[in-house]
Amino acid sequence: MIEVADLKKIYLLGNVEVAALRGVSLSIQKGEFVGIMGPSGSGKSTLLHQLGLLDTPSGGHILIDSTDVSQLDDDARTWFRLMHLGYVFQDYALVSELTVMENVAIPAIMQGKPLAECYAAATRMLEKVGLGKRLDHLVFELSGGEQQRVSIARALVNTPSIVFADEPCANLDTENSRTVLELFRDVNRELKQTIVMVSHEPWHQSYFDRIIFIRDGVMDEERIESEGKPGGPPGNETG
Ligand SMILES: Nc1ncnc2c1ncn2[C@@H]1O[C@H](COP(=O)(O)OP(=O)(O)OP(=O)(O)O)[C@@H](O)[C@H]1O
Ligand SMILES: [Mg+2]
């Protein structure tokens, strides 16, 4: 379970303060598939960075399974992230010199597991995302949709209890987007992994258990519970 209390993030640009998060409080239950939505610049990525322990908040607290992760030092935070969290970046953030399998194995290798076990886990995960035949390819040989699936396999390889994904479908067409959303839904249901995903596409809402709307660095209370769940992707109105 994730509990966030009065979370603040202020960026300093020269001597100008940009308040990207202005006191966000929320909780996310174990096994929820939560969407984070809101206008551009509202603080969605900033929120995900703080929750994913990629950045340090300016104020407030983040508790993950009762550990106050906002109080951990750098080493403890890195270790916590490695053991419990997966993160899918919008721009994939893959290592271009490594093969598909090596990219996915990295988080397992960093946990100190035997190499054979790491590659076996990477292979299993790549098969799950439909890339079992591309293990030895370099990432630049793959399409954008395939690269995003590699980055998802990497985020999932250690079966983290929480997966964060920042607009994982932003560069994908409808078909690839649907593949990604269905993959998240499957692991969410099968493995009870908590998934927190930023999106700006209304049709993605039908996949989420709940949506947290952000506006100007705070939760948009007026939109909580007020949104319906639109149907499938564009061009699939009858489904
Ligand atoms: N590293 C940074 N330094 C200074 N300001 C930043 C930094 N990162 C984000 N901001 C500012 O914080 C605010 C929130 O940015 P954020 O990236 O979280 O928005 P977002 O909701 O993810 O937007 P988008 O939908 O366009 O991705 C914006 O005003 C942005 O300019
Ligand atoms: Mg963003």
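Helices (H or I, at least four residues) and strands (E, at least two) are DSSP runs, numbered from the N terminus. With that in hand, here are five close-ups of a predicted model.

**View 1. The largest pocket, with walls drawn from α2, β6, α3 and α5.** The space inside this pocket comes to about 380 Å³. Its lining consists of 18 residues, and R81, L82, L85, Y87 and P107 are the ones closest to the centre. Helix α2 (74–84), strand β6 (85–88), helix α3 (100–110) and helix α5 each contribute at least two residues to the lining. Sorted by class, the lining holds 12 nonpolar, 4 polar and 2 charged residues. Two of the contributing helices, α3 and α5, return as a packed pair in View 4.

**View 2. The largest cavity, lined by residues including Q50 and R77.** How many cavities of 30 Å³ or more does a search of the whole structure find? The search turns up 1, and the volume of the largest cavity is about 30 Å³. Around this space you will find Q50, L53, D55, P57, I62, V69, S70 and R77. The lining of the largest cavity splits into 4 nonpolar, 2 polar and 2 charged residues.

**View 3. Helix α3 crossing helix α4 (residues 115–128) at roughly 120°.** The axes of α3 and α4 come within 8 Å of each other. An angle of roughly 120° falls outside the 65 to 115 degrees that count as roughly perpendicular and is not over 145, so α3 is oblique to α4. The crossing of these two helices is right-handed. On the α3 side, the contact uses V100, M101, E102, V104, A105, A108 and I109, while α4 brings L115, C118, Y119, A122, T123 and L126. Look for 11 nonpolar residues in this contact, along with 1 polar and 1 charged.

**View 4. Helix α3 packed against helix α5, their axes 7 Å apart.** Here the packing angle is about 30°. Are α3 and α5 roughly parallel or oblique to each other? Angles under 35 degrees count as roughly parallel, and the pair therefore is roughly parallel. The handedness of this crossing is right-handed. From α3, the residues V100, N103, V104 and P107 meet V150, A153 and R154 of α5. By class, this contact comprises 5 nonpolar residues, 1 polar and 1 charged. Two of the α3 residues here, V100 and V104, also take part in the contact with α4 from View 3. P107, for its part, meets α5 here and is one of the residues closest to the centre of the largest pocket in View 1.

**View 5. Helix α5 (residues 144–156) beside helix α6 (residues 174–191).** The axes of α5 and α6 come within 10 Å and cross at roughly 15°. That angle makes α5 roughly parallel to α6. Their crossing is right-handed. Four residues of α5, namely G145, R149, I152 and L156, meet N176, T179, V180, L183, F184 and V187 of α6. This contact is made up of 6 nonpolar, 3 polar and 1 charged residues. Helix α5 thus links several of these views: α5 packs with α3, meets α6 and supplies part of the lining of the largest pocket.

Terms used: Residues numbered from 1 in each chain as written. Chains lettered and ligands numbered in written order. Predicted model: local features only at pLDDT ≥ 70, side-chain atom pairs only at ≥ 80, totals over all residues. Heavy atoms only, no water. Axes fitted to C-alpha atoms, helices over the stretch in contact; angles between N-to-C directions. Left-handed = near helix turned anticlockwise from the far one by under 90°. Contact = heavy atoms within 4.5 Å. Nonpolar A, V, L, I, M, F, W, Y, C, P; charged D, E, K, R; others polar. 1 Å grid on protein atoms, 1.4 Å probe; cavity = no way out; pocket = protein on both sides within 12 Å on 5 of 7 lines; lining within 4 Å. Points joined across faces, edges and corners; volume = space filled by probe spheres on them.
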